[in-house]
Amino acid sequence: MDNKEYFLSVYRHSMAHVMAKAVMEIFGKENVQIAIGPQIDDGFYYDFMLPRTITNEDHKAIEDKMREILKRREDWTCKEVTKEEALEIFKGQKYKEELINDLPAGEKITVYYTGDDFVDLCRGPHISNSQELMNVSYKVKSVSGSYWRGDEKNDQLQRIYMYCFPSKQELKAHLDFVKEAMERDHKKIGPEQELFMFDESAPGMPYWLPRGFKMYNAILEFWRKLHEEYGYQEILAPVINHKNLWETSGHWGHYKENMFLVTNASVNEETDEEEINTDIQYAIKPMNCPNAINVYKNGLHSYKELPLRYSETQVIHRREKSGELNGLFRVQMFHQDDDHTFLTEDMIEDEIGDIMDIAKFIYETFGLTYEAELSTRPDDFMGSPELWDAAEASLKRILDKKYGEGGYEINEGDGAFYGPKIDLKMKDCIGREWQMGTIQLDFQLPLNFDLRYVAADGSQKRPVMIHRAIFGSFERFIGILIENFKGAFPFWMSPYQVGIVPIRPEHNEYAKKVEKALRKAGIRVEADYSDENMKTKIKGFKKFKEPYILILGDKEAEEETVSVNVRGNKQMNGVPLADFIELCKKQIEEHTLDLIDSVE
């Protein structure tokens, strides 16, 4: 932790005590139970049991009371106490009493006094006097419910979040960032543009709506075409497999708590009643790798066939805690752009080099930048340390060659349980970092499944396996794209690329001719033939931020041209239909990010 981070943590933690003191003074000490109040990345929070629900009107009162407390310039005093003394100090504060009683014997206990009338159980460190916080800028962020110690069986408390920064300028900059992030929130834009939805019957499992599925398929088509050029073969495998497969792969021992497990049920023919066999026999796949291995094992392969690249975009499921679900970013059902490549050891560096070239091309197509990170052996690794050392050394050589020594981060202990990995972390347009692509080198699963190939000398040898994804998951990647483009997508991936507006009913015939020509050229188009007026029709298409809206009237029908409203309100008039089609096809073929807004 650098000096700035240290001081931020001390200031924010100290401000949490100030907020707790303010809330006690507002509601009366006898009416408030205080729980915990740690610092977080953009400020701090504190949990309370209060006599009533906090309202928006209370926010300013809390901020004003904190300002009043800081002006008192009170001293902060740390005192070491025994467990008995601590229990006496916090008598009647049940959450503090519980924390104290849970401390192991001999544990050092410290309390911090802010002035003479507020004390909190805390390890510190803290400031020495409130005047150190006079220039700190803060603002109530939100209030939400929380369970004591995160357990829904415990009391429900009120958690007050507060932004906190060293200066007004830094707070303002952060609030501007938050505003921009909220305007880009895919959980807001997605439903507004009818891209996806969720239903309580399937938590964390997105429904792709017709518009969103068109965009999904456009991205999938781009992905497929690129991978075919690199010699990948796409497969489709079962969603449910017997637990024996997961035991052999190691997922049963290392990943079972994140898997959806399946029990057998049958109907008794005599009683017509359901009988449940509680023995777990099957699991819904959380990974594609064991099924790719089954495909490889379908026949004995020669070294001449390697590398064999099996790609798959089938759905997978992973159990997540309900509180961790977050729109498309953290789901329980998603589609991973997986590949599992089987190859010889001497092919590793060239193959991973090609994979990183693919990743670079894909990310640049979407206007994204990325950095590489090497994740090494975790504590619960599977296999021998010698194999891990060899795998990590291979990846280091590749990264050194690609980025230069020291040109990438090393994340110690964060590899998959079966092998080290290269993670590709990219930044979006507002600077947030996302872990997306991953390239995992695996010597262990080929050993577990006894995989073999026939070498040049006729002997049977064991292949190496590479697990690889570039998007990571289509769902998360599309969620990032929604926010990155703020719903105004590049032409080639827009759900609908062109909207058609005939000015009056007598222009419908020409509009249908234009629609047919566009569809024949592979352009996604929708037309509004309703009796609504032109402005209403245009407004309907603008809601979905369609790249081009064609307005067709007498002149356009007579000259076989189109008048084009370009997203952003630029207008192109009298464009020959054939020229407009070529303009659209160019953007699809070249996957351009910006709309073409003129015809040469």
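**Notebook: loops, cores and helices**

I began with Asn569, which I found in the loop between β30 and β31 (570–576). The model I am reading is a predicted one. For Asn569 I noted a phi near 80°, a positive value in a residue other than glycine. I then asked whether Asn569 is buried or exposed. With a relative accessible area of 54%, Asn569 is exposed, because the cut-off for that word is over 50%.

I looked next for another residue of this kind and came to Glu560, which sits in the loop between α17 (554–559) and β30 (561–566). Its phi is near 55°, again positive in a residue that is not glycine. The relative accessible area of Glu560 is 41%, so I entered this residue as partly exposed. I kept both entries because most residues other than glycine have a negative phi, and most peptide bonds are trans.

The second half of that remark led me to the peptide bonds. Gly124 and Pro125 are joined by a cis bond with omega about 0°, and I placed Pro125 in the loop between β6 (118–121) and β7 (137–147). From Leu306 to Pro307 the peptide bond is also cis, omega being near 0°, and Pro307 belongs to the loop that lies between β15 (301–302) and β16 (308–312).

**The nonpolar cores**

Which residues touch the most other members of the largest nonpolar core? I listed Ile219, Ile362, Tyr363, Phe366 and Ile422, out of the 55 residues in that core. Several elements each supply at least two residues to it, among them α7 (210–229), α11 (348–365), β20 (369–375), α12 (385–403) and α14 (474–485). The largest share, 8 residues, comes from α11. For Tyr363 I set aside the neighbours within four places in sequence and still recorded contacts with Leu368, Tyr370, Leu424, Met426, Met436, Gly437, Ile470 and Phe477. A second core, separate from this one, has 31 residues, including Val32, Tyr46, Phe48 and Cys164.

**Helix α12**

I checked the length of α12 against expectation: its 19 residues at 1.5 Å a residue should span 27 Å, and the end C-alpha atoms are 26 Å apart, which agrees. I then marked Trp388, Ala391, Glu392, Ser394, Leu395, Ile398 and Leu399 as buried residues of this helix. Because these residues cover an arc of only 155° around the axis, they lie on the same side of α12. They pack against α11, β20, β22 and β23. On the face turned away from the buried side I found the exposed residues Glu386 and Lys401. After α12 comes Gly404, and I noted that its phi is positive, near 85°.

**α7 against α14**

My last entry concerns two helices in contact. Where do α7 and α14 meet? On the α7 side I listed Met215, Tyr216, Ile219 and Leu220, and these meet Phe474, Glu475, Ile478, Leu481 and Ile482 of α14. The axes of the two helices come within 11 Å and cross at roughly 110°. Since 65 to 115 degrees counts as roughly perpendicular, I described α7 as roughly perpendicular to α14. Returning to the core list, I saw that Ile219, one of the residues of α7 that meet α14, is also among those touching the most other members of the largest nonpolar core.

Notes. Residues are numbered from 1 along each chain as its sequence is written. This is a predicted model: local features need pLDDT of at least 70, side-chain atom pairs count only at pLDDT 80 or more; totals for chains, interfaces and linings use all residues. Side-chain values use heavy atoms; hydrogens and water are left out. A nonpolar core is a set of buried Ala, Val, Leu, Ile, Met, Phe, Trp, Tyr and Cys residues joined through side-chain atoms within 4.5 Å. Buried means under 20% relative accessible area, exposed over 50%, partly exposed in between (1.4 Å probe, protein chains only). Helices (H or I, at least four residues) and strands (E, at least two) are DSSP runs, numbered from the N terminus. Contact means heavy atoms within 4.5 Å. The expected span of a helix is 1.5 Å times one less than its number of residues. The arc is that of the directions from the helix axis to the C-beta atoms. Axes are lines fitted to C-alpha atoms, for helices over the stretch in contact, and angles run from 0 to 180 degrees between N-to-C directions. Angles under 35 degrees count as roughly parallel, over 145 as roughly antiparallel, 65 to 115 as roughly perpendicular and the rest as oblique.
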